[in-house]
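Biologist: I should like to understand how charged side chains are judged to be paired. Please explain the reasoning step by step.

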Amino acid sequence: MPRIKKEASLDLETWKIAQEIENYSEWTRQCLHAYASGNDYVSEARLRMRWVAAARQLAAVVIEYAATIDPDHGQTVETLISKAMEQTRLEEFE
């Protein structure tokens, strides 16, 4: 999805806070998604952490199953997740 620039006016105090956030744009997008879904940022972050845990658990099951089919498959949970995160179209998952 293309990025559209939108500026925000900050005062000195909020600018200092924003400087401490590693990826301010991503943080802002996450806050907006939380707002749109009726959640606060903390609740949204908790949901995202639960999804990450579920994805890791699923990847571990897939890796375990892959080892029963091909013991020399060479995948790890991290490489499987990394590969999945790079895929953006349905065709790439085949």
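The following exchange concerns the salt bridges of this predicted model.

Biologist: How many salt bridges are there by this rule?

Modeller: The count comes to three.

Biologist: Why is the contact between the side chains of Arg-29 and Glu-26 called a salt bridge?

Modeller: The rule asks for a side-chain nitrogen of Lys or Arg within 4 Å of a carboxyl oxygen of Asp or Glu. For Arg-29 and Glu-26 the N to O value is 2.9 Å, so the pair satisfies the rule. The two are three residues apart in helix α2, which spans residues 24–36, and are therefore separated by about one helical turn.

Biologist: What makes Glu-44 and Arg-48 a salt bridge?

Modeller: Their closest N and O atoms are 3.8 Å apart, and the cut-off is 4 Å, so this pair also qualifies. Both residues belong to helix α3 (residues 41–69), where they stand four residues apart, or about one helical turn.

Biologist: Is Glu-44 buried or exposed?

Modeller: Buried means under 20% relative accessible area. Glu-44 has 12% relative accessibility and therefore counts as buried. Arg-48, at 32%, counts as partly exposed, because that class lies between 20% and 50%.

Biologist: Which residue forms a salt bridge with Glu-78?

Modeller: The partner is Arg-56, with the closest N and O atoms 3.3 Å apart. Glu-78 lies in helix α4 (residues 77–86) and Arg-56 in helix α3, so the pair ties together parts that are 22 residues apart in sequence. Glu-78, at 47% relative accessibility, counts as partly exposed, and Arg-56, at 36%, counts as partly exposed too.

Notes:
Residues numbered from 1 in each chain as written. Predicted model: local features only at pLDDT ≥ 70, side-chain atom pairs only at ≥ 80, totals over all residues. Heavy atoms only, no water. Buried < 20%, exposed > 50% of the residue type's maximum accessible area, 1.4 Å probe, protein only.
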